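Please open the structure in your viewer and keep the selection tool at hand. The tour proceeds by selecting a few residues at each stop.

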Amino acid sequence: MVPAVGGPYVWAFVIFSSVLHFFEQYLEYRQLQKNRDTAVPEEFQGIVDEAKFLESQAYQKDKRLFGFVKDWVSFIFDKVQLFLITPWLWHYAVSVFGEEAEYSCTLFFLFLLQWVEKPISIPFSLYSNFVVEEKHGFNKMTVKLFVTDLIKSEVLTYVFGGLLVPMLIWIVRYFGAGFYLYLWGFVQCLMMAFMWIYPNLIQPLFNEFKSLQDLELKEKIEALAAEVSFPLTKLFQIDGSKRSGHSNAYFFGFWKYKRIVLYDTLLHLKHDDILAILCHELGHWKFGHTLMNLVIASAHTFVLFWLFDLVMYSEVSSQMVKQFGYGETNAVMVSLMLFMLLVSPTEQLLSLLMTMLSRRNEFQADSFAAKMGKSDGLQSGLFQIHEENKGDLNSDPLYSWYHFSHPPLVERLRALKAIEAESAKKVS
């Protein structure tokens, strides 16, 4: 018999998650109304072709309508999980392995929980790729590739989950009260390791990396890197086009061993535009944005583990576990999962602050490219990428403030033009 779910902790979470859901749906509705406009916004008149604008609006509208359905189904399913499915799965895992077998119970529970969600997540993913993205010319994925990607992702989840979850449980049990320092140190080492493991071992399972084939562009990028003292060691292009028509570029690596990766969907742009976009990325490095984000993530993890340490061996933990229907268990992963649910309000606030910080960083990186004399190329490149990706050209201010980690295109172009005007004033 599964204990009943209910109590102050449960209802506090339900109320917060419901209020947040309705607020975000309100924002989605505001943006949907903007996506139904047929008139080109004043800032883009004479710049954006009306047909291209309407294509962008149609794509954004279809994504938004699909998002409404997905969000509501997920919201209802999450509540069914909370009150019925998840507690039952835990008690079933305990009935199979016994209360004392915490490692086996936890891994079996997480395995079952993941597969309970698959009947919801897989159909939505299929519809997103093979209906919405396909309709607007972005999907390049085959069903075979979708299935192989899913299998690879599942295998990686089992491998890393099977190794890391027991380690987390062991640290909490072995060190007892005060475990947060050791758990935090373990996670920091893990973060550093994954910064190497992901691009070097995991991503090559999904994409083919090869040296940039355009030798002229390669020489220009190497010259740009040398100009700003960026320690570039390798330059790759990857076959992003086998999954999507969307484009991207990024760099990775430690200290003096940096690598730049260009999606093949970006390589049709003019060299000057590509160099300007990469100059923007180098601006993130020059201003230390990656290091800043790592420090913030590290401090955030430290505070979370410290708070979890206070809760784990306290009466709060036992009350929390009982109210969410897990009975008398003191399993580490159950307590951690419920703790993360209950701190979600502060996590949501932090997410909003990080979104605001990200927009500031984007403006800074743009300014770096502009000061390197690449304002025209960056404006041209951003505009072309936005047009080809059918990015939102008519964003609602409140929606973009809450959701956009990158400023809307019109704000970025306006800021670049302001830098150009200021530079021209200084010269004259």
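Begin by selecting Lys220, which is partly exposed, with a relative accessible area of 30%. Please bear in mind throughout that this is a predicted model. Add Glu216 to the selection: the side chains of Lys220 and Glu216 form a salt bridge, with 3.3 Å from N to O. Glu216 is also partly exposed, its relative accessible area being 48%. Both residues belong to helix H6 (residues 215–227), and because they are four residues apart there, about one helical turn separates them.

**Further salt bridges**

The structure holds 13 salt bridges. Select Lys322 and Glu328 next, whose side chains meet in a salt bridge at 3.8 Å, N to O. Lys322 is partly exposed, with a relative accessible area of 34%, whereas Glu328 counts as exposed at 66%.

Now select Arg414 and Glu43. These residues form a salt bridge in which the closest N and O atoms are 4.0 Å apart. The pair links distant parts of the chain, 371 residues apart: Arg414 lies in helix H14 (residues 409–427) and Glu43 in the loop between H1 and H2. Arg414 is partly exposed, at 48% relative accessibility, and Glu43 is partly exposed at 44%. To finish this stop, select Glu28, Arg64 and Asp392, which are linked in a network of salt bridges.

**A residue in the loop**

Select Val48, located in the loop between H1 and H2. Is Val48 buried or exposed? Val48 is buried, because its relative accessible area is 9% and the limit for a buried residue is under 20%. Leaving aside neighbours within four places in sequence, Val48 is in contact with Val40, Phe53, Phe383 and Leu393.

**Paired strands**

Select strand E1 (residues 209–211) and strand E2 (residues 232–238), which pair in the antiparallel sense over three bridges. Phe209 has Ile238 in E2 as its bridge partner. Then add strand E4 (residues 258–263), which runs parallel to E2 and is joined to E2 by six bridges. Here Gln237 stands opposite Leu262 in E4.

**The second largest pocket**

Finally, select Phe13, Asp78, Lys79, Gln81 and Leu341. The second largest pocket has a volume of about 620 Å³, and of its 25 lining residues these five are the closest to its centre. Which helix gives the most to the lining of this pocket? H2 does, with eight residues. Among the helices that each supply at least two lining residues are H1 (8–35), H3 (102–135) and H11 (344–371). The lining divides into eleven nonpolar, eight polar and six charged residues.

Methods:
Residues are numbered from 1 along each chain as its sequence is written. This is a predicted model: local features need pLDDT of at least 70, side-chain atom pairs count only at pLDDT 80 or more; totals for chains, interfaces and linings use all residues. Side-chain values use heavy atoms; hydrogens and water are left out. On a 1 Å grid over the protein atoms alone, a cavity is a set of points where a 1.4 Å probe fits but cannot get out, and a pocket is an open set with protein on both sides within 12 Å along at least five of seven lines; lining residues have an atom within 4 Å of a point. Grid points are joined across faces, edges and corners, and a volume is the space filled by probe spheres set on the points. Ala, Val, Leu, Ile, Met, Phe, Trp, Tyr, Cys and Pro count as nonpolar, Asp, Glu, Lys and Arg as charged, and the others, Gly among them, as polar. Buried means under 20% relative accessible area, exposed over 50%, partly exposed in between (1.4 Å probe, protein chains only). Contact means heavy atoms within 4.5 Å. Two strands pair if DSSP finds at least two bridges between them.
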